[in-house]
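Q: I'd like to learn how to read a few features of a structure, one at a time. Could you walk me through them?

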Amino acid sequence: MESDASTSPRRRSTSCYSDSGDSSCSEPFSECGSDDLSFTPAAAVGIHRLLLSCAAEASEDAISSLVAELESPSQSLDSLRRAAMELRLLAKHNPDNRVRIAAAGGVRPLVKLLSHGDPLLQEHGVTALLNLSICDDNKAMIIEAGAIRPLVHALKSAASPAARENAACALLRLSQLDGAAAAAIGRAGAIPLLVSLLETGGARGKKDAATALYALCSGARENRQRAVEAGAVRPLLDLMSDPESGMVDKAAYVLHSLVGSGEGRAAAVEEGGIPVLVEMVEVGSSRQKEIATLSLLQICEDNAVYRTMVAREGAIPPLVALSQSSSARPKLKTKAESLIEMLRQPRSPSLRARPTAVVAAE
């Protein structure tokens with residue numbers, strides 16, 4: 001096929017965008033960050049036996065005793081910290097312990113710890129709930145215990161970065177229960193906080209935020225608008241443009257979820273997303289080429305102005321190469337051919353005169 005688009009003036013990158021080393025087209029989201037409990041060398045020696053014991057199954061009586069300690073109003077702060085840490089470790093290391101802790105009534109006292117004034121106790125509570133939420137059967141119980149709003153509050157104002165990151169991860173896991181859970185988390189105010197973590201967090205925080213945003217926006221359509229209004233598009237595009245971030249794939253998938261709405265498409269265009277996506281089609285990994293093509297298809301569908309902008313950005317040559325690639329999946333080739341055909345549709349003189357106009361279309 002011949003090109004009918006002018007060469008774009010943007011500087012082409014010669015590096016592959018891949019941040020995972022995986023050229024497959026499966027989603028790039030693994031589970032969120034783990035419970036990374038660390039100690040000073042002196043403290044580590046003191047709790048070595050505890051760690052070993054927590055790796056094994058705990059008796060129902062032992063777990064019930066720990067839960068009772070959390071519920072007792074007469075316990076000292078040190079006793080509460082120890083009981084919460086033991087439950088955290090028991091839930092981290094053994095799947096059966098997660099079931100036993102929930103069955104012993106451990107969820108509600110752990111939720112109460114999220115509002116405690118002691119930062120370490122709050123971190124143990126957040127992370128114990130994160131570990132319990134690994135068990136699918138516990139997710140509904142955690143939500144019914146009223147954990148969503150306290151977790152959102154911890155995401156916003158917990159003293160330790162670990163507690164904030166683990167709160168994001170716990171919310172991600174709870175959002176996987178169903179669409180109602182994802183919508184409830186969005187209504188509780190989690191999305192602007194996750195966008196902030198995406199912008200300013202450390203490497204793990206950014207990855208957890210992107211994974212949580214993807215789950216929330218995929219699980220409940222109303223969350224897409226919340227993410228757009230919270231300014232998610234700009235940091236996503238920045239991460240997509242930076243191969244060193246290790247976040248290109250994740251950010252591209254979150255953006256694809258957002259451009260499923262008219263507001264998301266308009267924001268992507270206004271923030272300069274078309275050049276980023278076209279370059280990804282040209283030089284990205286196989287998975288990135290596919291998700292960028294799908295995003296461009298959504299942007300161009302039912303909007304002639306956007307089609308003009310994409311064509312003028314030089315999208316047709318890399319799309320032709322993709323459609324003719326022997327290594328591309330047949331489904332991707334079909335999508336690329338559909339987008340090429342869309343971009344070659346006649347454009348009215350009025351559209352040629354307004355290549356930078358932005359018109360949202362659902």
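A: Happily! Keep in mind that this is a predicted model. Let's begin with burial: a residue counts as buried when its relative accessible area is under 20%. Cys-135 has a relative accessible area of 15%, so it is buried.

Q: Is Cys-217 buried or exposed?

A: Cys-217 is buried, because its relative accessibility is 1%.

Q: How many disulfides does the structure hold?

A: The structure holds zero disulfides.

Q: How do I read a helix such as H19, and what is its reach from first C-alpha to last?

A: Set the reach beside the expected span. H19 runs over residues 286–300, and its 15 residues reach 21 Å, close to the 21 Å expected at 1.5 Å a residue. After H19 comes Asp-302, with a positive phi near 65°.

Q: Why is H19 described as largely enclosed by the rest of the structure?

A: Because twelve of its 15 residues are buried. Among them are Ile-291, Leu-296, Leu-297 and Ile-299, and also the charged Arg-287, Lys-289 and Glu-290. The cover over the buried residues includes helices H16, H17, H18, H20, H21 and H22.

Q: Now a pocket: which helices each supply at least two residues of the lining of the second largest pocket?

A: They are H9 (148–157), H10 (161–175) and H12 (190–200). H12 gives the largest share, four residues. The pocket holds about 150 Å³ of space, and its lining includes Leu-155, Arg-164, Glu-165 and Leu-193.

Q: How do the lining residues of that second largest pocket divide by character?

A: Four are nonpolar, four polar and three charged.

Definitions and conventions
Residues numbered from 1 in each chain as written. Predicted model: local features only at pLDDT ≥ 70, side-chain atom pairs only at ≥ 80, totals over all residues. Heavy atoms only, no water. 1 Å grid on protein atoms, 1.4 Å probe; cavity = no way out; pocket = protein on both sides within 12 Å on 5 of 7 lines; lining within 4 Å. Points joined across faces, edges and corners; volume = space filled by probe spheres on them. Disulfide = S-S within 2.5 Å. Buried < 20%, exposed > 50% of the residue type's maximum accessible area, 1.4 Å probe, protein only. Expected span 1.5 Å × (residues − 1). Contact = heavy atoms within 4.5 Å.
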